[in-house]
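Colleague: Got a minute to go through this one with me? I'd like to start with the strands and then get to the cysteines.

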Amino acid sequence: MSRNPHQEPDAGADGHAGGHAGGHTDGDTHGRSDATGRPRPNRDGAAPRPLRFGYGTNGLADLRLDDALALLADLGYDGVGLTLDHMHLDPLADDLAARTRRVAHRLDALGLGVTVETGARYVLDPRRKHGPSLLDPDPDDRARRADLLVRAVRVAADLGAHAVHCFSGITPAGTDEDTAWERLAESLSPVLDAAATEGVPLAVEPEPGHLLATLADFHRLRRTLGDREHLGLTLDIGHCQCLEPLPPADCVRAAAPWLRHVQIEDMRRGVHEHLPFGDGEIDFPPVLDALAGTGYQGLTVVELPRHSHAGPHFAERSLPFLREAAAATPPRPANRSGEPSATH
């Protein structure tokens, strides 16, 4: 698998390893994205490119990062969903720029693509899971979360990542919905400014139980922010099964115009529990067929954060399952790209 060559940059005064003002996207090497990672439909009569599968480091938390990357390369994964966290690439480390350069070189050596994920549980607050959030009453706390996301955007640019993932957070007790949405839009504005500067899409994930929980909620945020170019969507296939009104394959097609990152695992209806493939209710061939039909060429990342105790086992098991499911998909009509739905 080819990636854009990563030039070793010099660290700037802010600790950001600069030199990537144009950003990196897989559109250069994989031909299915524009400058913001927006998927393009397949050309009439053209064979669809294969999906690119990755595995999330939040499901390999018991491994050193270098060992995790080597494992994924040996297993044949196309890339990695890299969660910025204390045990791997610590976004608060004083030498973040130097660490990022080392990881970039390692990714290049192994031929792995990357997306940057920001779901670390305790990276900002050792006593409060995912705290502080973009919705916290204290503006300084909201700013801390926004600063983490800006750091993530800069790391993503220096790694050549195709997107940065984030989520809204849970609405704090005593906060009305309108206020929560105002805080979310305000907090994300500087992050989107950074995303535009670096040329890396910000991919917001609808998360069950959060303020932004569904595709309809994503569209509310998109409209509130004026449909900013670098605001995209992380679609978690399990979450679609859990709570969306549409089947997962239909969710993929409805989300296609905004799709910048995909997470995948099995799940049951109404139960937010990330499950290994085959342990839930999802019929994966139609889902992967729909995803390939959109022309999406970012990574589709296995998301099993509660299975790190057996991470190598599940990483080894997941890729053959996904490849078999993708191969089982029926033939698609040419140019069947995702269309905007009535939900946006």
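The chat below covers a central strand, its neighbours, two cysteines and the confidence values.

Modeller: Fine. Keep in mind that this is a predicted model.

Colleague: Start with β2. Is strand β2 buried or exposed?

Modeller: Buried, on both faces. Gly79, Gly81 and Thr83 lie on one side, with Val80 and Leu82 on the other. That makes five of the five residues in 79-83, so the strand is largely enclosed by the rest of the structure.

Colleague: Which way does β1 run relative to β2, parallel or antiparallel?

Modeller: Parallel, with three bridges joining β1, residues 52-56, to β2. One contact point to look at is glycine 56, whose bridge partner in β2 is glycine 81.

Colleague: And what sits between β1 and β2 in that unit?

Modeller: Helix α2, residues 65-75. Together β1, α2 and β2 form a β-α-β unit, and it is right-handed.

Colleague: How many bridges link β2 to β3?

Modeller: Five, again in the parallel sense, with β3 covering residues 113-117. Glycine 79 has glycine 113 as its bridge partner in β3.

Colleague: Which helix goes with that pair?

Modeller: Helix α3, residues 96-110. β2, α3 and β3 make a right-handed β-α-β unit. β2 therefore belongs to both units, pairing with β1 and with β3, and its five residues are buried.

Colleague: Changing topic. How many disulfides are there?

Modeller: Zero.

Colleague: Why is cysteine 240 not bonded to cysteine 251?

Modeller: The two sulfurs are 3.8 Å apart, which is too far for a bond. The cut-off is 2.5 Å. Cysteine 251 is the closest cysteine to cysteine 240 by sulfur position, and in the other direction the nearest cysteine sulfur to cysteine 251 is that of cysteine 240.

Colleague: Is cysteine 240 buried or exposed?

Modeller: Buried, at a relative accessible area of 2%. Cysteine 251 also counts as buried, with 0% relative accessibility.

Colleague: Last thing, confidence. What is the mean pLDDT of the chain?

Modeller: The mean is 87, and 81% of the residues reach 70 or more.

Colleague: Where does pLDDT stay under 50?

Modeller: Residues 17-38 are one such stretch, and the model gives them 71 contacts beyond four places in sequence. Residues 40-44 are also below 50, with 18 contacts beyond near neighbours in sequence.

Definitions and conventions: Residues numbered from 1 in each chain as written. Predicted model: local features only at pLDDT ≥ 70, side-chain atom pairs only at ≥ 80, totals over all residues. Heavy atoms only, no water. Buried < 20%, exposed > 50% of the residue type's maximum accessible area, 1.4 Å probe, protein only. Helix = DSSP H or I, 4+ residues; strand = E, 2+ residues; numbered from the N terminus. Pairing = 2+ DSSP bridges. Right-handed = clockwise from strand over helix to strand, strands pointing away. pLDDT = per-residue confidence, 0-100. Contact = heavy atoms within 4.5 Å.
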